[in-house]
Amino acid sequence: MERTFLMVKPDGVQRGLIGEIVGRFEKKGFKLVAGKLVTVSKEQAKAHYAEHEGKSFFDSLITFITSGPVFAMVWEGDDIIELSRMVIGKTKVTEALPGTIRGDYAAHTPFNLIHGSDSPESAEREIANFFDESELVPYAK
Ligand code: CMP
């Protein structure tokens, strides 16, 4: 069993896509173990996107992700990191296939609706940046 951090970005929240996005992961069979609507602080955003520091789009990315509420979530499932990224679709909207969240709803790369962790290490770090362990709900086996 694996955990990942997923976040509906400000564009997804503003467009009313939280329910649609959550529904896709529920229907896939994953378990939602935590979720909350939060406004990301500059410090939290910089920590979340630390790997992109120095890139040309870093400053605008921080401005975007702190521009309005996001829906931060922790999900659980077998191979969920790899599978959730397939459900999400490619970062570049021109490469995101129809049937994926980005392929179906995103038309501009920076505004690609949702973030998903890309490795177990990233997932652990990103979950800790947004959630206290006590906020993660355990399910009965
Ligand atoms: P995400 O998968 O969350 O990871 C980094 C984010 O930076 C990406 O989604 C986009 O929202 C944003 N971004 C903005 N410009 C670019 C770009 N040129 N290439 C990749 N990501 C970009």
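Let's start with the nonpolar core. The largest one in this predicted model has 29 residues. Four of them have the most contacts inside it: Met-7, Val-8, Met-73 and Ile-114. Where do the core residues come from? Strand E1, residues 2-8, helix H2, residues 18-28, and strand E3, residues 70-77, each supply at least two. So do helix H5, helix H6 at 101-105 and helix H7 at 120-130. The largest share is six residues, and that share comes from E3. As a general point, nonpolar side chains in soluble globular proteins tend to be buried together.

Take one of those four, Ile-114. Which residues does Ile-114 contact, leaving aside neighbours within four places in sequence? There are Leu-6, Met-7, Val-8 and Lys-9. Then come Gly-12, Ile-21, Ile-88 and Ile-101. Note Met-7 and Val-8 in that set. Both are also among the core residues with the most contacts.

Now step back to the whole protein. It has seven helices and four strands. Read along the sequence, the pattern is β-α-α-β-α-α-β-α-α-β-α. The C-alpha trace spans about 45 × 35 × 25 Å along its principal axes. Is the radius of gyration what a compact globule would have, or not? For 141 residues, such a globule would come out near 14 Å. The protein has 14 Å, so the two agree.

How much of the chain is buried? Buried residues make up 31% of the 141. And how far along the sequence do contacts reach? Take the contacts between residues at least 6 apart in sequence. Of these, 71% join residues at least 24 apart.

A word on confidence. The mean pLDDT is 97, and 99% of residues reach 70 or more. The model scores ipTM 0.89 and pTM 0.95.

Next, the record. An unreviewed UniProt entry places a domain, "Nucleoside diphosphate kinase-like", at residues 1-138. In the model, the end C-alpha atoms of that span lie 13 Å apart. The span is 41% helix and 19% strand.

UniProt, again in an unreviewed entry, also lists "binding site" residues. They are Lys-9, Phe-57, Arg-85, Thr-91, Arg-102 and Asn-112. Let me pick out two.

First up, Arg-85. Arg-85 sits in helix H5. Buried, exposed or partly exposed? Arg-85 has 17 C-beta neighbours inside 10 Å, so it counts as partly exposed; buried would take 20 or more. Setting aside residues up to four places away in sequence, Arg-85 touches Gly-116 and Asp-118.

Then Thr-91. Thr-91 is in the loop between H5 and H6. It is partly exposed, because 15 other C-beta atoms lie within 10 Å. Beyond its neighbours within four places in sequence, Thr-91 contacts Thr-109 and Asn-112. Asn-112 is itself on the UniProt list, as is Lys-9, a contact of Ile-114.

Last, back to H5, which covers residues 80-88. Ile-80 lies in this helix. Why does Ile-80 count as buried? Ile-80 has 24 C-beta neighbours inside 10 Å, so it counts as buried. Its contacts, outside neighbours within four places in sequence, are Glu-2, Arg-3, Thr-4, Phe-30 and Trp-75. One more pair: Ile-80 and Phe-25 are 55 residues apart in sequence. In space they are 9.8 Å apart, C-alpha to C-alpha.

Notes. Residues numbered from 1 in each chain as written. Predicted model: local features only at pLDDT ≥ 70, side-chain atom pairs only at ≥ 80, totals over all residues. Buried ≥ 20, exposed ≤ 12 C-beta atoms within 10 Å, placed from the backbone. Contact = placed C-beta atoms within 7 Å. pLDDT = per-residue confidence, 0-100. UniProt positions renumbered as here; feature names shortened; annotations may be inferred. Rg over C-alpha atoms; globule rule 2.2 N^0.38 Å. Core = buried A, V, L, I, M, F, W, Y, C linked by C-beta atoms within 7 Å.
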